[in-house]
Amino acid sequence: MSPADFFGGLYISFWIPTAVLTAALVIKLPSIVKLWKDPLLRAVGGLLLLACSVFLFAVPSVIAWTNRVVGVPNIAAPWVYSLITAYCAACLLLIVAWRNGPADRSPTTRRAMRWVVSVYAAVIVVLWVLFALADVPRERLRDLDTYYATTPFMREEILLYLAAHTAACLITCHLIRSWVRTRGLDLWLRGGLKALGIGYALNLVYDASKLTALVARWTGHDLDWLSTHVAPPVVAVAAIFIAVGFILPHGGQYLHERWRVRVSHWRLRPLYLLTRSVGGSGVPFALRATAELRLTRRETFIRDALLQLARHFDDELHRRAYAGALALGHGPGRARALAAAVTIQDALAARKASPSPGPPAVSLTSGPLIFPDLTAGAGRTAYPEFTVSSDLTDLLQDIDAVSRALRRPTEIEEVRTLATDRTGATGSAGPVDPVGPADPASAAESSVSAHE
């Protein structure tokens, strides 16, 4: 047996698209079961199931098995043609519902769906009637379309299913083409639509190959190879593109979210390692924890550690570090992250120098914290006001930017050097020596102070 005969006997052009379509169905199945009331998801599930059935029952070995079980020669032909016709109807119904949205129950949409169902149901009925009238006693597993191309009634049946398939592909290609040009589509949805468009365009190549072989038979020529050797691989590739078109919007978005969560978790690692020394231990490892849960736990741990460091934050150092970062040419967002990194490192050093616990941070808002319902009475002093800087609120919201800034220790040291030079050799927040207007760091600090 030659390599061509060996791989031809495996019917790869049938089993590969079957496997890809089955994978697409398996990927979609959890969403279909979970959101069963969604008509679009049900339509996608039905379409993928029909597509798998078409390729499964079109395998020559399965065709022989079907004929043998039923006991009627070539009974698999109208069955496969019926599956193809039902698949075409499912494609049109899905595209109409998908294009207009599940909430669109306008008379035009309902009329279009009824028209599709009635026309293609009638086509399936006619297919079986024509097969009952045709005389096809000799079993053909791979070349039935061309072998019986001139047989009465069977000829009309073959032409009918090809016409129904071509019409469905043309309409679907037109709808997809008009839809993919719509503005505001999600990147993954647009990619899925393009893949679907390629798949249905290749289906038209399949129809053209089949029809060309049939016309050649009618005119006394032999182009059976178009139907037997060209059409099956073409439709197999088309099925792969169609499966990708349905997988991409869902699978692409899913993978994008997973990637975003893992990247966010990785970006927080420098700040997590820095703040882990506050409590002496890190986030407990959970083997079955999802990526989202691990990210949430890391964010919560970092924010809790920063709240414990709040009493050690030097607001003056933070302001001068921010002005210094601006003077070094960093943008406002990057300057805030670098200033926060300097402040956190300084707070950690201060905490190690004086580890005795102080009053806890009780507010994340700026200004004094007042208890309005608790006032001073006779013989009792008023409750104290806790003044908490608004810088802490910004810091807790920008932990991702701060963590990324920690990956640049050289820039942090440059900002720290400039900030400590302004606060004096001891690092205390005392008066600052006047600096001429030509100094860009002074100008940036002055503008920040005026803004504050």
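**View 1. Asn-74 sits buried in a loop of this predicted model.** Let us start with a residue that is easy to overlook. Asn-74 has a relative accessible area of 2%, and residues under 20% count as buried, so Asn-74 is buried. You will find Asn-74 in the loop between α4 and α5. Look at the backbone here too: phi of Asn-74 is near 65 degrees, which is a positive value in a residue other than glycine. As background, most residues other than glycine have a negative phi.

**View 2. Phe-153 also has a positive phi.** The phi of Phe-153 is near 70 degrees, and Phe-153 is not a glycine. The place to look is the loop between α7 and α8. Is Phe-153 buried, or is it partly exposed? Its relative accessibility is 37%, so Phe-153 counts as partly exposed.

**View 3. Helix α8 and helix α9 come within 9 Å of each other, axis to axis.** Helix α8 covers residues 154–180, and helix α9 covers residues 187–218. Their axes cross at roughly 155 degrees. Angles over 145 degrees count as roughly antiparallel, and therefore α8 and α9 are roughly antiparallel to each other. The contact of α8 with α9 is made by 20 nonpolar, 5 polar and 5 charged residues. As for handedness, α8 passes α9 in a left-handed crossing.

**View 4. A cavity with a volume of about 640 Å³ is the largest in the structure.** How many cavities of 30 Å³ or more does the structure hold? The count is 1. A general point helps here: rolling a probe the size of a water molecule over the atoms shows where empty space is left. The lining of the largest cavity is made up of 34 residues. Those nearest its centre are Phe-14, Ala-58, Val-80, Ile-84 and Tyr-206. Many helices take part: the elements giving two or more residues to this lining are α2 (12–34), α3 (39–57), α4 (60–70), α5 (76–100), α7 (144–147), α8, α9 and α10 (224–267). Sorted by class, the lining of the largest cavity has 22 nonpolar residues, together with 7 polar and 5 charged ones.

**View 5. Ala-76 and Ile-95 are two buried residues of helix α5.** Begin with Ala-76, which belongs to helix α5. The relative accessible area of Ala-76 is 2%, so Ala-76 is buried. Ala-76 and Thr-66 lie 10 residues apart in sequence, and their C-alpha atoms are 6.0 Å apart in space. Now follow helix α5 to Ile-95. Ile-95 counts as buried because its relative accessibility is 2%. Between the C-alpha atoms of Ile-95 and Cys-173 there are 9.8 Å, although these residues are 78 residues apart along the chain.

**View 6. Phe-55 is a buried residue of helix α3.** With 9% relative accessibility, Phe-55 counts as buried. Which distance separates the C-alpha atoms of Phe-55 and Thr-18? The separation is 5.8 Å, and along the chain the two residues are 37 residues apart.

**View 7. Gly-245 is a buried glycine in helix α10.** At 0% relative accessibility, Gly-245 counts as buried. Pair Gly-245 with Ala-24 in this view: they are 221 residues apart along the chain, while their C-alpha atoms are separated by 9.5 Å.

**View 8. Helix α10 packs against helix α12.** Helix α12 covers residues 291–309. The axes of α10 and α12 are 9 Å apart, and the angle is about 30 degrees. Angles under 35 degrees count as roughly parallel, so α10 is roughly parallel to α12. The crossing of α10 and α12 is left-handed.

**View 9. Helix α13 and helix α14 pack with their axes 8 Å apart.** Helix α13 is made of residues 315–327, and helix α14 of residues 332–353. How do they lie relative to each other? The packing angle is about 140 degrees, and that makes α13 oblique to α14. Here α13 passes α14 in a right-handed crossing.

Definitions and conventions. Residues numbered from 1 in each chain as written. Predicted model: local features only at pLDDT ≥ 70, side-chain atom pairs only at ≥ 80, totals over all residues. Heavy atoms only, no water. Axes fitted to C-alpha atoms, helices over the stretch in contact; angles between N-to-C directions. Helix = DSSP H or I, 4+ residues; strand = E, 2+ residues; numbered from the N terminus. Parallel < 35°, antiparallel > 145°, perpendicular 65-115°, else oblique. Left-handed = near helix turned anticlockwise from the far one by under 90°. Nonpolar A, V, L, I, M, F, W, Y, C, P; charged D, E, K, R; others polar. 1 Å grid on protein atoms, 1.4 Å probe; cavity = no way out; pocket = protein on both sides within 12 Å on 5 of 7 lines; lining within 4 Å. Points joined across faces, edges and corners; volume = space filled by probe spheres on them. Buried < 20%, exposed > 50% of the residue type's maximum accessible area, 1.4 Å probe, protein only.
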